[in-house]
Amino acid sequence: MGSLTRLIVILSILAAITLKSNSQYLLPITKHEPTNQFYTTLNIGSATKSPVNLLLDLGTNLTWLNCRKLKSVSSLRLVTCQSSTCKSIPGNGCAGKSCLYKQPNPLGLIPDVTGRVVQDRVSISTTDGGKFLTPVSVPRFTFSCAGEKALHGLPPPVAGVLALSPGSSSFTRQVTSAFNVIPKFSLCLPSSGTGHFYIAGVHYFIPPFNNSSFPIPMIFTPIRGVDSGDYLLNVLNIYVGGTPLSLKPNLLNGGAKLSTVVPYTVLHTDIYNALAESFTLKAKAMGISKVPSVAPFKHCFDASTAGKKLTGPNVPVIEIGLPGRIGEVKWGFYGANTMVKVKETVMCLAFIDGGKKPKDLMVIGTHQVQDHMLEFDFSRTVLAFSESLLLQNTSCSTWPSQK
């Protein structure tokens with residue numbers, strides 16, 4: 001091989017590596033307003049593509065849907081019980097030669113969901129410079145077919161659940177493995193409009209952060225619980241208006257679980273009471289009047305007595321202290337994420353008292369993380385999060401135009 005030929009080969013390899021590293025995939029996120037649940041839309045099928053709406057769930061290990069919602073099932077391939085695909089799914093089962101998978105319903109309204117494991121083509125979009133490119137496909141996307149009863153409690157437009165757990169069979173893991181790209185995904189949940197769901201995201205096209213020279217500033221903290229299928233954050237402190245809460249020793253040791261199906265952050269009673277008491281005292285000092293509670297919220301206020309800012313009602317800021325690279329970092333939540341309007345002039349503290357013996361001491365809900373960019377990076381086992389995009393007069397609802 002001549003020197004020129006070797007140079008061409010090396011440059012071609014480098015170009016391919018660069019192309020792979022910059023490949024990223026984008027899906028829309030839609031908020032179902034009546035239920036405050038979030039879903040994305042996938043195109044499933046080889047010959048006939050079916051757009052299917054699937055609920056986003058960080059706790060589901062294998063995507064499942066009611067396959068009767070597909071336009072055609074002719075391209076579905078049953079996964080056999082003895083196949084390597086079936087054996088690679090933790091907790092798999094068998095019905096004759098068919099592979100089965102059983103997992104909890106994310107909303108907990110019905111018993112566990114059991115379905116036959118199948119494969120089919122799934123199509124998603126790649127992005128470059130904010131433009132849509134030709135859709136690409138995962139030819140053998142593995143998921144399971146569940147019955148009609150499994151949809152009970154899910155928003156009406158939704159036909160199933162998209163698996164976003166850390167497990168190897170999740171949707172994001174399958175996509176990053178198929179395209180050999182960095183194993184990470186990012187969510188930007190919208191308060192309205194269309195949000196962003198990136199896989200292997202490199203640049204997030206949300207003005208003004210729409211080019212490599214002006215990226216979204218991100219803060220990093222470790223994720224734990226990945227081996228057990230959860231995304232847990234180590235909580236060091238909770239602050240209200242800059243003052244740390246006084247809590248019993250070890251009450252924060254359980255950490256905070258991230259969820260995309262719990263609408264409002266749920267707290268152990270002792271944490272909730274300390275947070276609500278501190279918030280109410282500081283709100284009163286700002287001239288914000290308390291009013292009777294409105295279920296399911298326990299602490300409500302007269303919205304007309306609070307000022308307005310880019311980040312929503314001008315109320316005390318709530319912050320979670322987390323371990324960072326060189327010390328504690330703070331994740332701040334402003335009025336748009338801490339308050340919910342329940343009546344024309346009534347707003348309530350958007351946190352729920354989870355009782356004295358909850359399964360998890362803290363579960364961070366979707367209302368708190370709307371209009372924040374969240375990046376789950378498996379290569380480093382870290383969560384990167386932005387401050388509220390409202391601080392920059394932008395939001396998750398800015399969608400790149402198709403050209």
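Biologist: Which residue stands opposite cysteine 188 in β30?

Modeller: This is a predicted model, so take the pairing as computed. Strand β12 (residues 184–188) runs antiparallel to β30, with five bridges between them. At the cysteine 188 position, the residue across in β30 is methionine 373.

Biologist: And on the β31 side, what is the bridge partner of aspartate 377?

Modeller: β30 also pairs with strand β31 (residues 382–385), in the antiparallel sense and over four bridges. In that strand, aspartate 377 has as its bridge partner valine 382.

Biologist: Which residue in the hairpin of β30 and β31 takes a positive phi?

Modeller: The hairpin has four residues between the strands. One residue there has a phi near 55°, and that's threonine 381.

Biologist: How many residues of β30 are buried?

Modeller: Let's take the two faces in turn. Side chains in a regular strand alternate between the two faces of the sheet. In β30, Met373, Glu375 and Asp377 point one way, Leu374 and Phe376 point the other way, and all are buried. For strand β30 (residues 373–377) the buried count is therefore five of five.

Biologist: Some of those residues must show up elsewhere. What is the volume of the second largest cavity?

Modeller: Leu374 and Phe376 do turn up in its lining, along with others including Leu58, Leu187 and Leu258. By class, that lining has eight nonpolar residues, two polar ones and no charged ones. The space inside comes to about 50 Å³.

Biologist: Then what about the largest cavity: which elements each supply at least two residues of its lining?

Modeller: The structure holds two cavities of 30 Å³ or more, and the largest has about 90 Å³ of space. Among its lining residues are Thr265, Leu267, Ile318, Ile320, Met362 and Ile364. The elements you're after are β19, β24 (318–323) and β29.

Biologist: How many charged residues are in the lining of the largest cavity?

Modeller: Ile238, Phe333, Phe351 and Gln368 are also among the residues that line it. Sorted by class, the lining has nine nonpolar and two polar residues, and the charged count is no residues.

Biologist: Back to strands. Which residue in β29 stands opposite valine 266?

Modeller: Strand β19 (residues 265–267) and strand β29 (residues 362–364) run antiparallel and are joined by two bridges. Across from valine 266 in β29 is valine 363.

Biologist: Which are the edge strands of the five-stranded open sheet?

Modeller: Its order is β15-β18-β29-β19-β28, and the pairing is mixed. Two of the strands pair on one side only, and these are β15 (232–233) and β28 (351–353).

Biologist: In the four-stranded open sheet, why is one side of β17 and of β25 left without a neighbour?

Modeller: Here the order is β17-β16-β24-β25, with antiparallel pairing. β17 (243–244) and β25 (328–333) stand at the edges, so one side of each has no neighbour in the sheet, as each has a single partner strand.

Biologist: What is the bridge partner of valine 240 in β17?

Modeller: Strand β16 (residues 237–240) and β17 run antiparallel, joined by two bridges. For valine 240, the partner in β17 is threonine 243.

Biologist: Threonine 221 next. Is it buried or exposed?

Modeller: Threonine 221 sits in strand β14 (residues 219–222). Away from its sequence neighbours, it touches Leu233, Leu322, Pro323, Val382, Leu383 and Phe385. Its relative accessibility is 1%, and the cut-off is under 20%, so threonine 221 counts as buried.

Biologist: Which backbone oxygen does the side chain of threonine 221 reach?

Modeller: Pro323 is already on the contact list of threonine 221. At 2.7 Å, the side chain of threonine 221 reaches the backbone oxygen of proline 323.

Biologist: Now the pockets. Which residues lie nearest the centre of the largest pocket?

Modeller: That pocket has about 710 Å³ of space. Its lining divides into 15 nonpolar, eleven polar and five charged residues. Of the 31 lining residues, those nearest the centre are Pro106, Lys257, Ser259, Val261 and Val262.

Biologist: And which elements give two or more residues to the lining of the second largest pocket?

Modeller: About 380 Å³ of space lies in that pocket. It has 22 lining residues, with Pro313, Ala336, Met339, Val340 and Lys341 nearest its centre. The elements are β23 (312–313), α5 (335–338) and β26 (339–343).

Terms used:
Residues are numbered from 1 along each chain as its sequence is written. This is a predicted model: local features need pLDDT of at least 70, side-chain atom pairs count only at pLDDT 80 or more; totals for chains, interfaces and linings use all residues. Side-chain values use heavy atoms; hydrogens and water are left out. On a 1 Å grid over the protein atoms alone, a cavity is a set of points where a 1.4 Å probe fits but cannot get out, and a pocket is an open set with protein on both sides within 12 Å along at least five of seven lines; lining residues have an atom within 4 Å of a point. Grid points are joined across faces, edges and corners, and a volume is the space filled by probe spheres set on the points. Ala, Val, Leu, Ile, Met, Phe, Trp, Tyr, Cys and Pro count as nonpolar, Asp, Glu, Lys and Arg as charged, and the others, Gly among them, as polar. Buried means under 20% relative accessible area, exposed over 50%, partly exposed in between (1.4 Å probe, protein chains only). A polar contact is a pair of N or O atoms within 3.5 Å; within protein, one must be able to donate a hydrogen and the other to accept it, and residues adjacent in sequence count only if both atoms are side-chain atoms. Contact means heavy atoms within 4.5 Å. Two strands pair if DSSP finds at least two bridges between them. Lists of a residue's contacts leave out its neighbours within four places in sequence.
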